[in-house]
Every structure is written in structure tokens, then in C-alpha cells.
Amino acid sequence: MELLRDHDLSRLTTIRIGGRARFFAEPRSYEELRELILFSREKDIPLYILGGGSNTIFGDIGGLVLSMRRLSRMRVEPSNGKLLIEVLGGTPLRDLISLSVKENLRGIYRLAGFPATVGGAVAMNAGAFGVDISQFLKRVVFVDWSGELKEAGAEELEFSYRSSPFPTEGLLLSCLFELERSNIPVESEFKRIRERRKRSQPIEKPTSGSTFKNPYPMYAGELLERVSMKSYRVGGVSFSEKHSNFLINHGEGSFGDVIALIGEAKRRVYEEFGVKLEEEVRLIEDSGLDGWKVL
Ligand SMILES: Cc1cc2nc3c(=O)[nH]c(=O)nc-3n(C[C@H](O)[C@H](O)[C@H](O)COP(=O)(O)OP(=O)(O)OC[C@H]3O[C@@H](n4cnc5c(N)ncnc54)[C@H](O)[C@@H]3O)c2cc1C
């Protein structure tokens with residue numbers, strides 16, 4: 001495994017913003033993951049796990065960024081009329097969705113159309129169109145922060161809206177899903193969902209998905225629109241015209257632009273509605289904002 005230094009992070013997230021990482025690696029096995037965890041402990045530097053980078057924005061990183069993309073594989077096993085699918089953490093979510101449509105499996109196809117990895121989707125408890133990924137999960141295998149391999153049943157783990165015990169508890173190496181066959185064909189509904197997403201989200205542009213969590217029972221996008229943040233721009237970054245809760249990088253956007261925009265949006269929404277918006281997107285830089293695992 002190569003340990004790269006001073007690595008450019010800008011191509012590794014979907015919003016295409018990023019500084020540089022002091023160390024960067026793409027492990028291919030549990031042994032290599034463990035080696036990297038022990039390396040970061042020994043050096044006493046923070047470690048950050050990167051999946052598809054579709055909900056992450058990087059500044060400059062003085063620690064180690066570990067990309068999961070080489071840990072990508074699925075194994076399928078029939079069980080009592082259902083399918084058990086074991087998926088490595090770095091596998092693109094779209095591979096699991098495609099398989100579920102091909103096999104006419106219930107529900108999980110509703111998560112179609114966003115560029116996540118399976119590990120990132122479980123860590124964020126990603127959801128869309130009435131389903132959350134955790135509801136299909138049976139077990140996970142993870143590596144804890146001392147490098148030990150652990151297993152847990154889904155019922156032992158606490159999932160809530162866009163929240164899971166990961167990466168706080170460790171790094172998801174593999175996830176086991178139990179999926180049922182549907183009595184009705186799912187493909188047409190899957191296509192409808194994909195089309196709806198294309199119409200309502202700027203998926204063709206460099207973006208990082210939802211910036212803020214929805215402050216139940218309100219929608220962050222609606223609050224942002226009401227305080228005129230739709231299309232509001234700072235430097236090279238703006239909120240999208242198509243979906244006010246999505247940030248767009250217009251080419252030269254920087255981490256500083258993102259922080260300034262987010263600050264302005266939070267300020268306006270708080271002043272107007274008394275609501276404290278909470279970031280869904282992971283903003284990662286050396287100052288230790290959300291997402292760091294400091295060992
Ligand atoms: C166009 C677009 C549309 C989107 N639509 C939706 C939507 O409808 N619903 C929704 O929920 N999200 C949506 N998102 C956001 C994003 O896709 C999800 O949050 C997704 O789950 C992030 O997965 P990722 O692999 O890209 O994670 P990253 O952005 O790489 O990481 C996110 C978090 O997960 C952690 N993580 C990643 N891999 C692992 C692992 N193996 N083990 C432990 N922790 C890990 C990271 O450390 C980080 O804290 C959208 C994003 C885009 C760009």
C-alpha cells in the first residue's frame with residue numbers, strides 16, 4: 001500500500017473543493033486498514049475516513065485521509081426466500097441499488113441517484129423517499145479505533161435521522177443487508193424516482209448534497225429560501241437555484257467560501273425564525289470541525 005504525502009483532495013469529493021492532505025492512502029484489506037489506524041495513533045495525528053465524498057467538504061488536512069474506494073465487493077446468498085447481500089464499505093451504493101432492481105427487491109431502490117459508498121450511506125444513515133438505509137441492515141463488521149475487528153447486529157446499533165454510531169465507533173468494513181423480493185415490479189418506480197431527483201436536485205453540478213439537516217417539522221431548503229439564500233453566492237460557491245439546501249461550486253470555490261456561506265445562512269435563519277440549523281454535510285479541516293476521530 002502506498003502512503004502518499006501532500007495529496008490533493010479536490011477531486012475526491014463531489015463538490016470538488018479541497019485542500020491537501022498531509023497523508024493519504026487507499027487500503028485494500030483489513031490488515032492495511034489496521035496498519036493505517038496504528039500509524040495514525042503512533043504519529044498522534046487525526047484520521048479521516050472518506051467514502052464517496054458526497055457529503056464531505058475538505059479544507060487542509062494535517063492528518064491522514066483514508067479512502068475506502070479499493071474495498072469494493074458484493075457477495076449474494078439466498079436465504080428463506082430473501083437475499084442476504086454482504087457489501088464491503090467502499091462499494092458504490094449504485095451497485096447495490098442496481099442489483100436490487102435486477103432482482104426486484106423491495107424498498108432499497110428508493111435510495112437511487114446519489115453518489116455514495118455503502119459505508120458512507122450507513123454511517124450517515126442516508127435516506128430518501130420514505131426509507132432509511134438502516135432499515136435494510138442486518139449486521140455490520142467494523143474496525144474499532146484500536147484496530148480490532150468487531151461485529152454488531154443492526155438491533156444493537158442506534159440509528160436516527162442522518163445519524164449512526166459510525167465513524168465514532170469505528171470504520172465500517174462490511175455491511176450485511178437482508179432484502180425481500182417485491183410482489184410488484186420495482187423498475188418503473190425506480191426510474192420515476194431517478195427522474196424526480198434529476199428534476200429537483202442539481203445532480204449534474206459539483207455539489208455535496210444537503211447542507212443542513214431538516215429541523216423537523218420544517219424543511220431547511222424552505223427556510224433558506226425564505227431568508228433569500230437561494231442562489232446566494234460567496235466567492236466561487238452558492239446555494240443552488242434548483243434546491244436551496246444544496247451548495248454548488250462554480251469552479252474556483254474554496255473551503256473559506258463554504259464556511260462563510262454556511263455562517264451567513266445560519267445567522268439569517270436564526271434571526272428570522274429562531275431556528276438553529278445543524279450541518280448535515282461534514283466540514284473537515286485541521287481545526288477539528290465535525291468528523292474528526294482524534295486518537
Ligand atoms: C446530488 C446528491 C444528492 C444527495 N441526496 C441525498 C439523499 O437523498 N439522501 C441522503 O441521505 N443523502 C443524500 N446525499 C448526501 C450523501 O450522498 C449521503 O450522505 C451519503 O450517505 C454519503 O456517502 P459517502 O460515501 O459519499 O460518504 P462521505 O461523504 O465520504 O462521508 C460521509 C461520512 O461518512 C463517514 N464514512 C464514510 N465511509 C465510512 C465507513 N466505511 N465507515 C465509517 N464511516 C464512514 C465519513 O467519515 C463521513 O463522516 C446526496 C448527495 C449528493 C451529492
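**Entry 1: Leu83**

I began with Leu83, which I log as partly exposed because 17 other C-beta atoms lie within 10 Å, short of the 20 or more that a buried residue needs. I note here that the model is a predicted one. I found Leu83 in strand S7, which covers residues 82–88. I then listed the contacts of Leu83, leaving out residues up to four places away in sequence: Val76, Pro78, Glu103, Leu105 and Leu179. I also took one distance, from Leu83 to Thr168, and got 29 Å between C-alpha atoms for a pair 85 residues apart in sequence.

**Entry 2: the chain overall**

I counted six helices and 17 strands in the chain. Along the principal axes, I fitted the C-alpha atoms into a box of roughly 55 × 50 × 30 Å. I checked the radius of gyration next: the chain has 19 Å, and this agrees with a compact globule, because one of 295 residues would come out near 19 Å. I logged 40% of the 295 residues as buried. For contacts between residues at least 6 apart in sequence, I noted that 62% join residues at least 24 apart.

**Entry 3: domains**

I wrote down three domains: domain 1 at 4–67, domain 2 at 74–180 and domain 3 at 202–271. I looked at the first pair and put the centres of domain 1 and domain 2, over C-alpha atoms, 22 Å from each other. How many residues of each are in contact? I have 11 from domain 1 against 16 from domain 2. On the domain 1 side of this contact, helix H1 (residues 30–43) gives the most, with five residues. I sorted that side by class and got five nonpolar, five polar and one charged.

**Entry 4: the nonpolar core**

I turned to the largest nonpolar core and logged 73 residues in it. Which of them touch the most other members? I have Val65, Leu66, Val122 and Leu172. By element, S12 gives the most to this core, with six residues. I followed up Val65 and found that it touches Leu9, Ala21, Phe24, Tyr48 and Leu50, once residues up to four places away in sequence are left out. As background, I note that nonpolar side chains tend to be buried together in soluble globular proteins.

**Entry 5: around the ligand**

I listed 35 residues around the ligand, and those that come nearest are Gly51, Gly52, Gly119, Gly120 and Gly209. I then asked which elements give two or more residues to this shell. I wrote down strand S3 (47–50), helix H3 (118–123), strand S8 (127–128), strand S12 (171–180) and strand S13 (207–210). By class, I counted 16 nonpolar, 18 polar and one charged in the shell. I note that S12 turned up in the core entry as well, as the element that gives the most there.

**Entry 6: Arg197**

I closed with Arg197, which I placed in helix H4, residues 187–200. Is Arg197 buried, exposed or partly exposed? I log Arg197 as partly exposed, because it has 15 C-beta neighbours inside 10 Å, and that falls between the exposed limit of 12 or fewer and the buried limit of 20 or more. Beyond residues up to four places away in sequence, I found that Arg197 touches Gly113 and Ile203. I took the distance from Arg197 to Gly209 too: 12 Å between C-alpha atoms, with the two 12 residues apart along the chain. Gly209 is one of the residues I had listed as coming nearest to the ligand.

Key: Residues numbered from 1 in each chain as written. Predicted model: local features only at pLDDT ≥ 70, side-chain atom pairs only at ≥ 80, totals over all residues. Near = placed C-beta within 6 Å. Helix = DSSP H or I, 4+ residues; strand = E, 2+ residues; numbered from the N terminus. Nonpolar A, V, L, I, M, F, W, Y, C, P; charged D, E, K, R; others polar. Contact = placed C-beta atoms within 7 Å. Domains from an automatic or database assignment. Rg over C-alpha atoms; globule rule 2.2 N^0.38 Å. Core = buried A, V, L, I, M, F, W, Y, C linked by C-beta atoms within 7 Å.
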